[in-house]
Amino acid sequence: MPERFTFTRADFPDGFVWGAATSAYQIEGSSFGGAGPSHWDTFATTPGNVVRGEDGRVACDHFHRWEEDLDFVRGAGLDAYRFSTSWARVIPEGRGAPNADGLAFYDRLVDGMCARGLQPWLTLYHWELPSPLADLGGWRNRDIAYWFADYAEVVMRTLGDRIYATAPINEPWCVAWLSHFLGQHAPGLRDIRAAARAMHHVLLAHGRATQAMHALGCTGLGAVMNFEHAEPADASAEAADRARTYDAIYNRWFVEAVTRGAYPAEALAGLEPHLPAGWEKDFATITAPVNWLGINYYTRKLIGPAPGPWPALEEVDGPLEKTDMGWEIYPDGLHGFLRRVADTAPGLPLFVTENGMATDVSPDDGPRIAYLEDHVAAVRRAMAEGVPLRGYFVWSLLDNYEWALGYEKRFGLVHVDFDSLARTPKASWHALRAALA
Ligand code: FCB
């Protein structure tokens with residue numbers, strides 16, 4: 001197993017941004033600092049939803065240990081830190097009065113980044129919806145676009161002067177499809193109408209928040225979407241058709257809405273009857289100009305036909321080496337999406353905003369080094385072919401709360417002992433530090 005990377009900072013253009021990413025619920029500890037309840041707190045503590053019923057009440061205790069954590073970002077030689085603010089921490093009721101302690105925490109955190117020479121990369125929604133808004137229907141309710149824009153304004157009035165780049169919503173596919181159709185994330189629904197509405201409202205919220213932040217004078221506004229290479233599981237026409245459907249729902253719906261103002265026909269085929277009336281008129285808002293796009297990439301899926309109603313598809317187990325998530329390792333998929341998104345949105349600067357693997361073979365951590373090495377090689381190939389890629393963020397800085405899979409999936413460059421909460425940099429952290437020195 002490799003102990004170091006073959007690339008160095010010098011192999012990349014000046015100004016190429018190296019970063020690490022985290023999110024609020026996964027690391028902060030939702031029980032600290034006056035945060036309100038979020039739908040993840042209740043989803044996690046409802047039996048059957050999360051492995052061992054684990055939740056984010058303490059997580060990595062980043063709320064109290066953030067200075068040490070920022071030192072690890074700086075210590076690795078990284079340029080940027082991608083973090084998120086928790087809506088439930090900033091506005092416990094979702095609407096109305098902000099929590100002064102919550103805003104003060106993020107104020108200190110951003111100052112801490114600036115003091116260490118790190119670019120603050122902000123995500124406004126990485127999934128902890130305030131429970132009072134979930135009670136009103138959450139992402140099924142069109143009003144969420146306006147609640148979210150108000151929250152974006154509250155955050156930006158406090159932090160905006162120091163933020164380098166902002167994405168309103170992390171991974172709209174997860175917010176909408178994974179959470180309202182597949183039922184694997186909060187609120188755990190499996191309902192086509194709920195899913196269709198969430199698929200649309202998450203984009204409307206992105207657009208409204210973008211407009212609101214633009215009106216405040218904020219710059220560096222982008223969008224972060226996840227992509228999964230979809231391949232037919234066999235040579236049949238049915239498998240090819242279902243892979244196209246999967247691709248349309250996952251990899252085309254959001255990016256084409258934001259950049260082209262349209263939804264792909266292959267996804268509308270199943271979703272259109274369930275979309276809110278007048279959805280076409282919202283594209284004027286959804287296409288609010290963005291300055292950059294972020295690509296989160298982890299794996300590919302083999303897709304085959306399945307009985308039952310649309311989309312009538314299923315994931316088929318693949319032959320490639322897998323991570324602890326059970327995800328196949330497929331760096332060519334990242335290369336492919338960089339090319340594809342560059343074609344979909346000509347001229348827009350692109351960033352890999354998440355890439356990494358769950359593995360737990362400490363102390364050597366060789367599989368993670370190999371995974372990152374191979375994906376960075378895919379990035380370099382795309383750049384050599386002209387893709388305007390400007391930066392790369394590792395998921396994740398710390399081992400953390402991996403949502404429905406709890407604490408056992410270790411994505412961190414830094415190991416966290418979840419009993420003592422002690423942090424220990426892994427071999428991948430040391431290798432990155434050597435490569436970026
Ligand atoms: C992404 C999420 C992130 C983490 C990684 C493994 O989908 O943005 O929070 O769960 O996957």
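How many disulfides does the structure hold? The structure holds zero disulfides. The views below come from a predicted model.

**View 1. Two cysteines without a disulfide partner, Cys114 and Cys174**. Cys114 is in no disulfide, and the nearest cysteine sulfur, in Cys218, is 15 Å away. A disulfide is a covalent bond between the sulfur atoms of two cysteines. For Cys174, the closest cysteine sulfur belongs to Cys60 and is 19 Å away, which is too far for a bond. The surroundings of the two residues can be read from their accessibility. Cys114 is partly exposed, with a relative accessible area of 36%. Cys174 counts as buried, at 5% relative accessibility.

**View 2. Residues around the ligand, among them Gln26, His126 and Glu171**. The residues around the ligand also include Trp127, Asn170, Tyr298, Glu354, Trp395, Glu402, Trp403 and Phe411. A polar side-chain atom of Gln26 lies 2.8 Å from an oxygen atom of the ligand. In the side chain of His126, an N or O atom is 2.8 Å from a ligand oxygen. For Glu171, the distance from a polar side-chain atom to an oxygen atom of the ligand is 2.5 Å. The ligand taken alone exposes 290 Å², and the protein buries 95% of that.

**View 3. Asn400 in the loop between β9 and β10**. The loop that holds Asn400 runs between strand β9 (389-395) and strand β10 (414-416). Is Asn400 buried or exposed? Asn400 is buried, with a relative accessible area of 0%. The side chain of Asn400 makes a polar contact with the side chain of Gln26 at 3.4 Å. Another polar contact joins the side chains of Asn400 and Ser396, at 3.2 Å. Leaving aside residues up to four places away in sequence, Asn400 touches Gln26, Ile27, Cys60, Trp395, Gly406, Tyr407, Lys409 and Phe418. Asn400 and Val416 are 16 residues apart in sequence, and their C-alpha atoms are 7.6 Å apart in space.

**View 4. Asp69 in helix α3**. Helix α3 covers residues 62-75 and contains Asp69. Asp69 has a relative accessible area of 1%; a residue under 20% is called buried, so Asp69 is buried. The side chain of Asp69 makes a polar contact with the side chain of His62, at 2.8 Å. Not counting residues up to four places away in sequence, Asp69 touches His62, Leu397, Leu398 and Arg423.

**View 5. Helix α8 and what covers its buried residues**. Nine of the nine residues of α8 (residues 172-180) are buried, so α8 is largely enclosed by the rest of the structure. Among these buried residues are Trp173, Cys174, Trp177 and His180. The cover over the buried residues of α8 includes the strands β3 (119-125), β4 (165-169) and β5 (222-232). The helices α9, α10 (237-260) and α11 (265-271) are also part of the cover.

**View 6. Helix α9 and its two ends**. Helix α9 (residues 192-215) has 24 residues. From its first C-alpha to its last, α9 reaches 35 Å, close to the 34 Å expected at 1.5 Å a residue. Of the 24 residues of α9, 18 are buried, so α9 is largely enclosed by the rest of the structure. At the N-terminal end of α9, Asp191 acts as a cap: a side-chain oxygen of Asp191 lies 3.1 Å from the backbone nitrogen of Arg193. Just after α9, Gly217 takes a positive phi of about 95°.

Conventions
Residues numbered from 1 in each chain as written. Predicted model: local features only at pLDDT ≥ 70, side-chain atom pairs only at ≥ 80, totals over all residues. Heavy atoms only, no water. Helix = DSSP H or I, 4+ residues; strand = E, 2+ residues; numbered from the N terminus. Buried < 20%, exposed > 50% of the residue type's maximum accessible area, 1.4 Å probe, protein only. Polar contact = N/O pair within 3.5 Å; in protein donor to acceptor, adjacent residues only side chain to side chain. Contact = heavy atoms within 4.5 Å. Disulfide = S-S within 2.5 Å. Near = heavy atom within 4 Å. Areas by Shrake-Rupley, 256 points an atom, 1.4 Å probe, with all protein chains shown as cover. Expected span 1.5 Å × (residues − 1).
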